[in-house]
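Here is a small set of exercises to work through with the model open in front of you. Try each task before you read its solution.

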Amino acid sequence: MKTSRIQESLGGLIVPLAILLAWQALAWRASTPLFPGPWQVVLAICKVYPQIVGQIGYTLMRAANGFLVAAILTIPLGILLGRLKIVGAILEPIMDMLATLPPPAVIPIVMLFAGTGDTAKIAIIAYAAAVPLLMNTYEASKTLHPMANLVARSLRLSRLETMMWIDLPTSLPMIATGIRLAVASALLVSVTAEMLLATNGIGVFIQREQDNFQIANGLAAIAFIAVIGLIVNDLVFRLEKRWLFWHYRSSETHNNG
C-alpha cells in the first residue's frame, strides 16, 4: 500500500517536471531576460525574498480584513434571506448579477466613495469575498430539510433562535465551501487592488518589477503568492474537517453504506 502511494506521488510529479523542463528549454532558446526560465526564477527568489516577504505582509493583512468584513456581513444576511423566502426570491436576481460582476469593475465606484486608501482596497476585497459567502449561505439556508422546521416548532424556538440554533449549524458544510472560495477570492483580488490603488503590497511589487523589465523578480513574487495560497487553502480545509467532523463522518458512513 505504501509503495503504491509513493508510485502515485511520483507519477503525479511527471507532468509538472516535464512542463518545467520544457519552459527552461524555451527560455534558453529565447535567451532574453524578458522570458526567464524556472532556474532564473529560483535565483530571483534567493535574491529578492526579503523584499517579497516584507511586502506580502501588507497583502495578507488587507485580504484578512476584507474577508472578515465579508463574513460578518454576509453569513447572517444569507441565513436571514434563506429564512425569509419571499425576500430571498426578490433579491436572488441581484445576487446572481453580482456573482457575474468582476471585482475590478467596481473599483471606480468604490473610489468615488472611499478614495484610494486602505479603506477602498478592503472594500473591494470584501466585495469579492462576499459573493461566494452570500450565495452559499443563502442556498444552504433556503434548501434546509423540512424536518428542521418541525424541530424548531416542537422546541418552540423564536425566528431568531431558529436561525441561530437550527439554520446556521445545518448550513455550516456549504458555508465552509463558501469560506474556501472567499479566501481564494480575497487573496486574488487583494493583489489586483494593490496593482491599481496601493503604494505597498505584493501587487505593487509585481507592478514595479514589470515596469522595470525585471520579469524574473515578478515571477518570483507570483510563486510566493501561489505557495501562500496553497498553505492557506490547506489550513482552511484542515480546520473545516476538524470543526465539521460530524459532517465528514456522516458522509463517509453514507458512502460506505
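**Exercise 1. Two helices side by side**

At what angle do H5 and H7 pack, and how far apart are their axes?

Solution. Keep in mind that you're looking at a predicted model.

- Step 1: find helix H5 (118-142) and helix H7 (159-197).
- Step 2: compare their directions. The angle between H5 and H7 is about 160 degrees, and their axes are 7 Å apart.
- Step 3: name the arrangement. Angles over 145 degrees count as roughly antiparallel, so H5 and H7 are roughly antiparallel to each other.
- Step 4: add the handedness. H5 and H7 cross in a right-handed way.
- Step 5: sort the residues where H5 meets H7. There are 17 nonpolar, 8 polar and 3 charged residues in that contact.

**Exercise 2. The nonpolar cores**

Work out which residues touch the most other members of the largest nonpolar core, and which elements supply that core.

Solution.

- Step 1: pick out the well-connected members. The largest nonpolar core has 26 residues, and Phe67, Ala70, Ile124 and Leu133 touch the most other members.
- Step 2: trace the elements. Helix H2 (38-83), helix H4 (107-114), helix H5 (118-142) and helix H7 (159-197) each give two or more residues to this core.
- Step 3: look for the main contributor. That's H5, with 10 residues, the largest share.
- Step 4: zoom in on Ile124. Setting aside residues up to four places away in sequence, Ile124 touches Pro103, Ile107, Val110, Val189 and Leu197.
- Step 5: look for another core. A second, separate one has 13 residues, including Val41, Ile52, Ile56 and Ile206.

**Exercise 3. A serine in H7**

Is serine 171 buried or exposed, and which residues is it in contact with?

Solution.

- Step 1: place the residue. Serine 171 sits in helix H7.
- Step 2: check its accessibility. Buried means under 20% relative accessible area, and serine 171 comes in at 1%, so it counts as buried.
- Step 3: list its partners. Leaving out neighbours within four places in sequence, serine 171 is in contact with Ile79, Ala140, Ser141 and Leu144.

**Exercise 4. Two positive phi values**

Where do serine 31 and phenylalanine 213 lie, and what is phi for each of them?

Solution.

- Step 1: recall the background. Most residues other than glycine have a negative phi.
- Step 2: take serine 31. Its phi is positive, about 50 degrees, although it is not a glycine. Serine 31 is in the loop between helix H1 (2-30) and H2, and with a relative accessible area of 61% it is exposed.
- Step 3: take phenylalanine 213. Its phi is positive too, near 60 degrees. Phenylalanine 213 is in the loop between helix H8 (202-211) and helix H9 (215-243), and it is exposed at 56%.

**Exercise 5. Step back**

How many helices and strands does the protein have, and what share of its residues is buried?

Solution.

- Step 1: count the elements. You get 10 helices and 0 strands.
- Step 2: check the burial. Of the 257 residues, 35% are buried.
- Step 3: get the dimensions. Along the principal axes, the C-alpha atoms fill a box of roughly 75 × 60 × 30 Å.
- Step 4: look at sequence separation. Take the contacts between residues at least 6 apart in sequence: 74% of them join residues at least 24 apart.

Conventions. Residues are numbered from 1 along each chain as its sequence is written. This is a predicted model: local features need pLDDT of at least 70, side-chain atom pairs count only at pLDDT 80 or more; totals for chains, interfaces and linings use all residues. Side-chain values use heavy atoms; hydrogens and water are left out. A nonpolar core is a set of buried Ala, Val, Leu, Ile, Met, Phe, Trp, Tyr and Cys residues joined through side-chain atoms within 4.5 Å. Buried means under 20% relative accessible area, exposed over 50%, partly exposed in between (1.4 Å probe, protein chains only). Helices (H or I, at least four residues) and strands (E, at least two) are DSSP runs, numbered from the N terminus. Contact means heavy atoms within 4.5 Å. Axes are lines fitted to C-alpha atoms, for helices over the stretch in contact, and angles run from 0 to 180 degrees between N-to-C directions. Angles under 35 degrees count as roughly parallel, over 145 as roughly antiparallel, 65 to 115 as roughly perpendicular and the rest as oblique. A crossing is left-handed if the near helix is turned anticlockwise from the far one by less than a right angle, and right-handed if clockwise. Ala, Val, Leu, Ile, Met, Phe, Trp, Tyr, Cys and Pro count as nonpolar, Asp, Glu, Lys and Arg as charged, and the others, Gly among them, as polar.
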